[in-house]
Amino acid sequence: MAVSFPSTLGIKVQSFLDSSNSIQHPKLKGALSPKRKTRVQTSARISCSAEQPPPAWPGRAVADPDHKMWEAQKPIAVIGSTGSIGTQTLGIVAEHSDKFKIVALAAGSNVTLLADQIKRFKPELVSIKNESQVEELKAALADSDHKPEIIPGEKGIIEVARHPEAKQVVTGIVGCAGLRPTLAAIEAGKDLALANKETLIAGGPVVLPLAKKHNIKILPADSEHSAVFQCIQGLTEGSLRRLILTASGGSFRDWSVEKLKEVTVAEALNHPNWSLGKKVTVDSATMFNKGLEVIEAHYLFGVDYDNIDIIIHPEAIIHSMIETQDSSVIGQLGWPDMRIPLLYTLSWPDRIYCSEVTWPRLDLAKLGKMTFRLPDKRKYPSIDLGYAAGRAGGTMTGVISAANEKAVEMFIEEKISYLDIFKVVEKTCDKHQNELVKSPTLDDILHYDLWARDHAASLCSSGSTLVTV
């Protein structure tokens with residue numbers, strides 16, 4: 001049975017949200033709710049203060065002057081090979097085998113799929129999550145003429161990430177489990193195809209300075225951030241004015257705020273546009289995905305939070321846009337297809353020809369129209385929570401991500417209601433304010449990731465009552 005909080009979210013949380021991108025709730029003042037400043041008209045401010053890590057792409061993207069396309073196959077390592085990102089990446093490699101090859105794979109616990117991937121792509125090194133499955137994997141490869149080295153557990157993932165032959169690492173593993181392998185890849189001089197949100201949302205304060213130190217390219221594979229990245233190619237310094245992240249609006253974009261108290265798990269998992277994993281679908285419904293993407297965009301491109309906007313675009317054709325100093329708006333368009341940003345992270349700054357048989361081309365006449373609307377802050381308090389956590393910085397960004405992940409897990413298990421997700425996250429962030437670390441170490445980030453999950457769970461434990469705020 002879902003926990004019933006003393007005050008319903010639709011009334012209580014709605015009361016402290018306004019039209020600005022900041023939280024005005026009295027208990028979230030100070031670090032969590034700095035007042036929104038007037039939009040900067042001269043340039044999108046790039047954050048380079050002592051407390052703000054250096055952005056991966058400070059307002060523009062320029063390839064190295066001596067860059068040239070790989071004459072042979074570009075060697076790739078994939079972390080999370082049996083997940084959605086991993087399988088799509090391997091599909092791209094299979095289609096463009098003259099351009100890419102796989103040298104190392106790290107997977108979870110799907111032995112059957114991993115064995116098939118090994119037989120097809122012949123990596124030199126493989127990691128599997130559990131040591132207990134190593135013998136099972138070896139048995140599955142008994143009839144194969146290719147026998148890679150197998151290293152289980154976190155040690156194996158790290159070895160995959162820093163494989164000596166790999167020139168780029170695709171990070172598709174979920175959660176903070178991807179942080180140590182990501183840091184290992186950076187220290188080993190590998191460019192990143194970034195598909196793990198937590199790498200920057202939680203780990204930005206550690207990952208970005210290290211990437212700058214080692215001159216590593218962080219190439220975003222998420223569709224919204226890839227769209228921005230594509231739009232800033234070739235901009236001159238100071239040209240960027242604003243980022244505009246688009247959102248589908250999720251399962252309840254046409255629901256009234258009042259109706260949200262009736263939401264079921266099945267309804268939350270029924271996305272109007274496409275089929276996604278459970279966690280991602282719920283995040284789309286709550287729009288926590290967009291609040292977190294604002295944080296990631298800030299870390300990637302260094303743009304001040306006052307100059308990052310969100311707009312709902314139900315057709316999901318424009319994947320995001322930028323505005324330049326002269327008020328020109330540049331967007332990246334295409335059918336919703338995660339393979340496009342993934343391919344661009346692998347080929348950047350080059351463009352690889354793709355057959356329209358397997359990569360359908362956008363037909364605007366067939367599409368007919370595109371629509372846009374502002375997100376309703378009463379329906380999506382997650383947006384203001386995301387901006388507030390981003391402005392607080394430090395460990396707060398990892399805390400909001402971890403608390404949301406735990407709250408969504410409890411909602412899917414029907415331990416809390418849909419509206420409770422927002423309250424659990426809000427209260428976890430509020431609790432963290434007294435322990436906020438502005439310039440965290442990796443240990444700080446990992447510690448507060450676990451703390452946030454535990455605290456979120458404790459708010460909804462048997463007999464627990466959330467205090468009205």
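Two strands pair if DSSP finds at least two bridges between them. Keep that cut-off at hand. The model used here is predicted.

**Exercise 1.** Find which residue of β2 stands opposite Ile 76, and show how the two strands pair.

*Solution.* Start with the strands. β1 covers residues 74-79 and β2 covers residues 100-107. Six bridges join them, in the parallel sense. Two bridges would be enough, so β1 and β2 count as a pair. Now look across from Ile 76: the residue opposite is Ile 102. Next, add a helix. Helix α2 (residues 84-95) packs on the sheet and touches β1, β2 and β5. The direction of α2 makes about 160° with that of β2.

**Exercise 2.** Place β5 between its neighbours and sort its side chains by direction.

*Solution.* Take one side first. β1 and β5 run parallel, joined by four bridges. Ala 77 stands opposite Val 169. Now the other side. β5 also pairs with β6 (residues 191-194), parallel, over four bridges. Here Val 170 has Ala 193 as its bridge partner. Helix α6 (residues 179-187) completes a right-handed β-α-β unit with β5 and β6. Last, the side chains. In a regular strand they alternate between the two faces of the sheet. Gln 168 and Val 170 point one way, Val 169 and Thr 171 the other. All four are buried.

**Exercise 3.** Write the strand order and explain why β4 and β7 each have one side without a neighbour.

*Solution.* The order is β4-β3-β2-β1-β5-β6-β7, in an open, parallel sheet of seven strands. β4 (149-150) and β7 (218-220) stand at the edges. Each has a single partner strand, so one side of each lacks a neighbour in the sheet.

Note on methods: Residues numbered from 1 in each chain as written. Predicted model: local features only at pLDDT ≥ 70, side-chain atom pairs only at ≥ 80, totals over all residues. Heavy atoms only, no water. Contact = heavy atoms within 4.5 Å. Axes fitted to C-alpha atoms, helices over the stretch in contact; angles between N-to-C directions. Buried < 20%, exposed > 50% of the residue type's maximum accessible area, 1.4 Å probe, protein only. Right-handed = clockwise from strand over helix to strand, strands pointing away.
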